[in-house]
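This report walks through one predicted model. It starts with the sheet and ends with a helix at its side chains.

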Amino acid sequence: MRLNEKIKITEDLKEKFSKSKVVIVTDYKGMNVTTINALRRKLREAEVEYRVVKNTLLIRASEDTDVATIKEFFKGPSAVAISYDDPVTPAKVLTEFARENKNLTIKAGVMGNKLLDINDIKSLSSLPSREVLL
């Protein structure tokens with residue numbers, strides 16, 4: 001990958017991180033392309049973006065954003081789920097998908113500037129959606 005491509009990806013991610021309500025980091029090791037595409041489809045239907053990005057680019061993009069709180073989790077195969085509206089929806093989709101597919105591991109998340117561990121994400125997934133709460 002060329003340097004200008006890396007810079008563009010980093011700037012794009014930094015902008016997305018600063019706009020996001022919640023970012024959840026997952027480990028997708030052992031998942032095949034078909035399974036990852038099925039996960040992406042479910043997340044896209046829920047208006048959540050799911051990106052597989054090199055860890056060094058994730059670390060650089062997270063600098064000066066709230067996502068910097070979870071940069072120690074950017075190790076191994078990492079993908080991020082980014083939601084701009086509802087923090088509950090990505091937690092629900094990822095938790096349900098991880099229950100069905102043992103190869104998907106939820107590492108951590110960040111909502112605002114608060115670090116979310118796996119238990120926080122599971123409890124967040126048990127909440128009703130934003131529309132129901134309203």
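What follows covers the sheet, the helices on it, the nonpolar cores and helix H5.

This is a predicted model, in which local features need pLDDT of at least 70 and side-chain atom pairs count only at pLDDT 80 or more, while totals for chains, interfaces and linings use all residues. Residues are numbered from 1 along each chain as its sequence is written, and side-chain values use heavy atoms, with hydrogens and water left out.

**The sheet**

Five strands would be a vague description; their order says more. The open sheet of 5 strands runs S2-S3-S1-S4-S5, with antiparallel pairing. Strands here are DSSP runs of E with at least two residues, helices are runs of H or I with at least four, and both are numbered from the N terminus. Two strands pair if DSSP finds at least two bridges between them. S2 (48–52) and S5 are the edge strands; each has a single partner, so one side of each lacks a neighbour in the sheet. On average, neighbouring strands are turned by 20 degrees against each other, direction ignored.

Strand S3 (residues 79–83) pairs with S2 in the antiparallel sense over 5 bridges. S3 is also joined to S1 by 5 bridges, again antiparallel. The table lists bridge partners in S3.

| Residue | Partner in S3 |
|---|---|
| Val48 | Ser83 |
| Val52 | Ala79 |
| Val25 | Val80 |

Is S3 covered on its faces, and which residues lie on each side? Ala79, Ala81 and Ser83 are buried on one side, Val80 and Ile82 on the other. Buried means under 20% relative accessible area, exposed over 50% and partly exposed in between, with a 1.4 Å probe and protein chains only. In a regular strand the side chains alternate between the two faces of the sheet.

**The cores**

The largest nonpolar core has 21 residues; Ile24, Leu39, Leu43, Tyr50, Leu94 and Leu104 touch the most other members. Such a core is a set of buried Ala, Val, Leu, Ile, Met, Phe, Trp, Tyr and Cys residues joined through side-chain atoms within 4.5 Å. S1, helix H2 (33–45), S2, S3, H4 and H5 each supply at least two residues. H4 gives the most, with 6 residues. Another core, of 15 residues, lies apart from it; Phe17, Val67, Ile70 and Val80 are among them.

Ile24 has contacts (heavy atoms within 4.5 Å) that include Val80, Leu94, Ile106 and Ile121, not counting residues up to four places away in sequence.

**Helix H5**

In H5 (residues 118–125), Ile121, Leu124 and Ser125 are buried. Seen down the axis of H5, these residues fall within an arc of 100 degrees, so they line one face of the helix. The arc is that of the directions from the helix axis to the C-beta atoms. Their cover includes strand S1 (22–27), helix H4 (88–100), strand S4 (105–111) and strand S5 (114–116).

Thr95 is found in H4. Thr95 counts as buried, at 8% relative accessibility. Thr95 touches Ile106, Ile121, Lys122 and Ser125, with residues up to four places away in sequence not counted.

Asp117 caps the N-terminal end of H5, with a side-chain oxygen 3.2 Å from the backbone nitrogen of Asn119.

Technical notes. A polar contact is a pair of N or O atoms within 3.5 Å; within protein, one must be able to donate a hydrogen and the other to accept it, and residues adjacent in sequence count only if both atoms are side-chain atoms. Axes are lines fitted to C-alpha atoms, for helices over the stretch in contact, and angles run from 0 to 180 degrees between N-to-C directions.
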